[in-house]
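Work through the exercises below with the structure open. Each task is followed by a solution in steps.

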Amino acid sequence: PPAATGSDEEDDSDSSTKPIRSEKKKNPVSLFQTGGDPPKEKKSKKKAPPKAAESEEETPETPQKNSNKKGKGKKSKKKEERPPSPVIEVDNLEEFVLQPAPQGVTIKCRVTRDKKGMDRGLYPTYYLHLDNDKKVFLLAGRKRKKSKTSNYLISIDPTDLSRGGENFIGKLRSNLMGTKFTVFDNGANPDKANADWSNVRQELSAVVYETNVLGFKGPRKMTVIIPGMNADNERVPIRPRNDNDGLLMRWQNKNMDNVIELHNKAPVWNDETQSYVLNFHGRVTHASVKNFQIVHGSDLDYIVMQFGRVADDAFTMDYNYPLCAVQAFAIALSSFDGKLACE
């Protein structure tokens, strides 16, 4: 499968515990450009996030034991290193959750899983909030009951998770095997297209999980496929006319025009603790196979998204440009799905 080549290279470069610095540090924004001219170099603070992460990584850190699972053991002493989310104005929720994160800003969120109440054990509701003092609500997600494949609705109202409501903002749909997922916005099904196709739903992302020799018990391999960005740093709209034209098919056919492939960062095996470790800089405190960081193969220091457990039903989810909240939340939801959640 095409994923293997990308992730093998990634493993090699990741096997040493010190991050390998590329001589010429790329501007992270340029990694995601696929359409039009290169970005206009006006914001010099774009380079901030990778630099910050780099200096943190220089501080020697004792790796945490995580019983053959990604992530780290309990260690919350590093809290002060990682300030809470910057003040983020969410004036228009619908607009905010579909807009790419601003360049140079990590949007730090918290996902909570609610299993209480009738059938919530089987169909928990997941809530996404900004991880700051105000705990601003962003999104809610829940699996649909009568779907043949896993199908999660994503809403901008914590109480209205209906497909027909005006709060429906996107959905996550899996294949029959439960190993590949596609994320859509709230546009129309191609069958209901208007003449110029402008109302048809966009595909925002796709996620492919690969098992390794340990099945799902060892570190998972994730490939995340997203639309590229144009010269104005806006997402290139991908509106497939049928199932053979979506992100997954383009990726499988190696047709990567306007499409970007990302991977989860390979955790490093640590002999001392006999476990796989990743450095989450204090944002993740519990070991879990669900913990992951998503990176671009050309710059492993720029974390596009990270997700990890901090309590039984609480997780941190941080995302950077070019992802939006709906993309990141849906990628996180995919990791909860039944076939994969075998902890």
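**Exercise 1.** Which residue of β12 is the bridge partner of N264, and which strands does this pairing join?

Solution. The model is predicted.
- Start at N264: its bridge partner in β12 is I294.
- Then take the strands: β9, residues 259–264, is joined to β12 by 3 bridges, and the two run antiparallel.
- Now follow I294 to β13, where it stands opposite M305.
- β13 covers residues 299–311 and is joined to β12 by 5 bridges, again in the antiparallel sense.
- The connection from β12 to β13 is a hairpin through 2 residues.

**Exercise 2.** Determine how many residues of β12 are buried, and on which faces they lie.

Solution.
- In a regular strand, side chains alternate between the two faces of the sheet.
- One side of β12 holds F292, I294 and H296, while the other holds Q293 and V295.
- Buried means under 20% relative accessible area.
- Residues on both sides are buried, and the count for the strand, residues 292–296, is 5 of 5.

**Exercise 3.** Place β7 between its pairing strands and state how many of its residues are buried.

Solution.
- β7 spans residues 203–210, and 7 of its 8 residues are buried.
- β6, residues 180–185, is joined to β7 by 5 antiparallel bridges.
- Within that pairing, F181 has V207 of β7 as its bridge partner.
- β8, residues 221–227, also pairs with β7 in the antiparallel sense, over 5 bridges.
- Here A206 has I225 of β8 as its bridge partner.

**Exercise 4.** K135 has a positive phi although it is not a glycine, and H281 is likewise a residue other than glycine with a positive phi. Locate each residue and decide whether it is buried or partly exposed.

Solution.
- The phi of K135 is about 50°, and the residue lies in the loop between β2 (125–130) and β3 (137–143).
- Its relative accessibility is 43%, so K135 counts as partly exposed.
- The phi of H281 is near 50°, and this residue is in the loop between β11 (275–277) and β12.
- With a relative accessible area of 6%, H281 is buried.

**Exercise 5.** Which form does the peptide bond from Y321 to P322 take, cis or trans, and where is P322 placed?

Solution.
- Omega for the bond from Y321 to P322 is near 5°.
- The bond is cis.
- P322 sits in the loop between β14 (314–319) and α5 (325–335).

Note on methods. Residues numbered from 1 in each chain as written. Predicted model: local features only at pLDDT ≥ 70, side-chain atom pairs only at ≥ 80, totals over all residues. Heavy atoms only, no water. Buried < 20%, exposed > 50% of the residue type's maximum accessible area, 1.4 Å probe, protein only. Helix = DSSP H or I, 4+ residues; strand = E, 2+ residues; numbered from the N terminus. Pairing = 2+ DSSP bridges.
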